[in-house]
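Here is a short tour of one chain, written to be read with the model open beside you. Please keep the strand pairings in view as you go.

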Amino acid sequence: MDWGQIFNNTAYWVFSPETIAYALAATGLAVQFGFGGLLNFGMAGFMALGAYGYAISILSFGWPWWVGILVGCAAAVVFALILGIPTLRLRADYLAIVTIAAAEIVRLLLTTQLFDAFTNSADGLGGYHAGFRAANPFPKTGADGEQIVYGFGPWQWTSDQLWVRVFGIILLGIAVYLVWAIMRSPWGRVLKGIREDEDAVRSLGKNVFSYKMQALMIGGVFGALGGVVFALPSAVVPATYTTSLTFFIWTILLLGGAATVFGPVVGSVIFWVIMGFLDNVLPVLAQADILPMTAQQAATLRFILVGVALMLIVIFRPQGIFGNKRELTFVK
Amino acid sequence: MLFGLLLAAGMVFLSSPGGAFAAEAPDTPGGDQEKTDFYFGGIITYDDQPVAGVTMTIEGGGFKAETVTDAEGKWRLYVPDKDDYVLTVDEDTLPDGVIVDPTQLPEGIQPKQGTTASFDVTFGLTGSKIVNLFLGEGERVTTSFIDQLVERLMNGLNFGLLLALASVGVSLIFGTTGLSNFAHGEMLTFGAVIALVFGVWLHIPMWLTIPIVIVFGAALGWSLDAGLWRPLRRRGLGLVQLMIVSIGLSLAGRYVFQYFIGGGTYQLPGAGAPRDIKFGPIALSWIDVVSMATSIVLLVAVAYWLLRTRVGKATRAISDNPGLAAASGINVDRVIRIVWILAASLAAIAGVLWAYFRPGVKWDMGVQVLLLIFAAVTLGGLGTAFGALIGSLIVGILVEISTLWIPPDMKYVGALAALIVILLVRPQGILGRKERLG
């Protein structure tokens, strides 16, 4: 067993675009669930709208790449409105069922043959990279004409790969800063108050519905940005945006800590590093007959472990690794 | 953009059934589709002259593709697998008074019963099959709109009844414990997998497999409550936490099934039986008849249990007011245990019926209907068992009938959209009591 190779493959996930994308989406979910108490199970839908809004704006309408990102965010805001109006006045579990259903509607609309001209149905979209790569500030080749490799050790990237990561981390940094800033503002205090006791805040004359809607929108925009970062390096395929994706984001959020600023980021890194590690180790163990299973079964095993981990976190440490238990008394 | 999609969906919904879309021929035969290793192709001729602009569709195994013949009458349709498909010629695009000549069909190909333009086609030894069609004058036989409607209605009823078996369980669990059980889909898959193991791999006849499935389902329900849910209730976990635990269970469960049966689809014995039992326009296979009869018998039994037996009455009492029920001497934990056993057995049977309806046993088959079950339960009224029954029938029939107007790959969209609309208009559902839900 080549432990050096396994270490390198695992360390790759610390700065992978997937990690950054999931961290962004989990940050959005932290605003909705951790600080606002909203049970949004449709994060996959927000991410899909971000990714497709970006890709379709570029491919079908020929707009610049940064307009594509804005379109993705606008689609997420509209989606939040459509979801919030019927459900934010109802009990929390209704929002859960409606958001998960709406995310499935989005996925089915993106998969159907009907809008093939825009979405390329089940095959998804690709080849929208030109604009984003043209904006890359890092030189591709050095003075000698050789391709420059940035970084060291397990983290070696071409300039395009570096640009995706830098751009993603900038977006993530802005998102985390915004969450930190608004949660210590009066707006954030009202939102946390709604999470703890809606009626008490309503009796203070605050418009609870409006605050919840704003939280749903802000979280949704972060989710859409996560979708954009997810789409930046390769392609968008509708089969990515199933309910499993939403559940992975939830696992990340609860792992790091739902009502924390940095929890989602740390949760995402831990999640992907463990997933990457298991992805490398389990098939090797299976091939070496240490685990009594085929390599394919070994690859499935890590997803079973995600489910079990989610159950264990919620039962034994619902506040997550970094959370404060008092912040999560609303989960009942 | 989202509004655009919704608008387009609405326009398709409004367009009349069977309305042909104007289509253009691809530059090369098959050039308008994704290339695969397998294709059907051929030429359409009438009096030795090629016929251009004929719309052809291929359908089977959930796949559907469409093309148009070019100026030389040539067409080609790529398919994902080497499998059996139904090839349909759109008769509206043929010259007037002309049909595909049934006497000049290639060897081994017959028009499907009741039509003159649909054919069962299959591959030979190679990855391509040439189906040349010759046209001749003749009388068109098509299924009328009413007949189609009746057929879909029966299909929808069948689907709705099997959904009801699952939804009643979800509703009873919600009523007695307050838990929205996201792992219910996996309880369906569990039943289908048990039927696969005993009915296919161990060659036990189906009439004996069904009781085995019920026993295993009951055992699953007992162990879930005894091993997981009761200890968690004792720990005093909140409802949101319990719901997230059920999501973790659902994730773990679906990948456990994939671990054991892999990513493929397996057929249960008798699946895809011919529809040779006829009542007027309704054609059913014996599987459909047995399936519907099973659902109805079980649902009547559950209704009797709820209305007439002591435990059933206790269940409804707990749904109404758990505190009062416990105070009047009902053993709440025991009733909840029975509800879990009942719900899991019903879900296991529903899983077997769903495996026949789809058809096929697959690791994620339960997830595919989970949201329809939730839609049915919400539509009928969360926590009311009879509401779940009505909601399931509406959802099942809505899903099937909507395929008259919208493409089959969007048939679940209608049911899920109905879920959102019902929450806008009547959030307590059809049979739910009006109370403050906020």
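## Strands and their partners in chain B

B:Thr57 has B:Thr88, in strand 6 of chain B, as its bridge partner. This is a predicted model, in which local features need pLDDT of at least 70, side-chain atom pairs count only at pLDDT 80 or more, and totals for chains, interfaces and linings use all residues. Residues are numbered from 1 along each chain as its sequence is written, while chains are lettered from A and ligands numbered from 1 in the order in which they are written.

The pair just named belongs to strand 3 and strand 6 (residues 85-89) of chain B, which are antiparallel and share four bridges. Two strands count as paired if DSSP finds at least two bridges between them. Strand 3 (residues 55-60) of chain B also pairs with strand 4 (residues 63-68) of chain B, again in the antiparallel sense, over six bridges. There, B:Gly60 is matched with B:Phe63 of strand 4.

Now to strand 1 of chain B, which covers residues 38-46. Which strands does strand 1 of chain B pair with, and in what sense? The table lists these partners, with one bridge pair for each.

| Partner of strand 1, chain B | Sense | Bridges | One bridge pair |
|---|---|---|---|
| Strand 5 (residues 74-79) | antiparallel | six bridges | B:Phe38 and B:Val79 |
| Strand 9 (residues 128-130) | parallel | three bridges | B:Phe40 and B:Lys129 |
| Strand 10 (residues 133-137) | parallel | three bridges | B:Tyr46 and B:Leu135 |
| Strand 2 (residues 49-50) | antiparallel | two bridges | B:Thr45 and B:Pro50 |

Strand 1 and strand 2 of chain B form a hairpin with two residues between the strands, and B:Asp47 takes a positive phi near 55° in this hairpin.

Stepping back, chain B holds twelve helices and twelve strands. Both are DSSP runs numbered from the N terminus: helices are H or I with at least four residues, and strands are E with at least two.

The domain assignment, whose bounds come from an automatic or database source, splits chain B into domain 1 (18-142) and domain 2 (146-425). Taken over C-alpha atoms, the centres of domain 1 and domain 2 of chain B are 39 Å apart. The C-alpha trace of chain B spans about 85 × 50 × 40 Å along its principal axes.

How much of chain B is buried? Of its 438 residues, 44% count as buried, meaning that 20 or more other C-beta atoms, placed from the backbone, lie within 10 Å of the residue's own.

Note on methods
A residue is buried if 20 or more other C-beta atoms lie within 10 Å of its own, exposed if 12 or fewer, and partly exposed in between; C-beta atoms are placed from the backbone.
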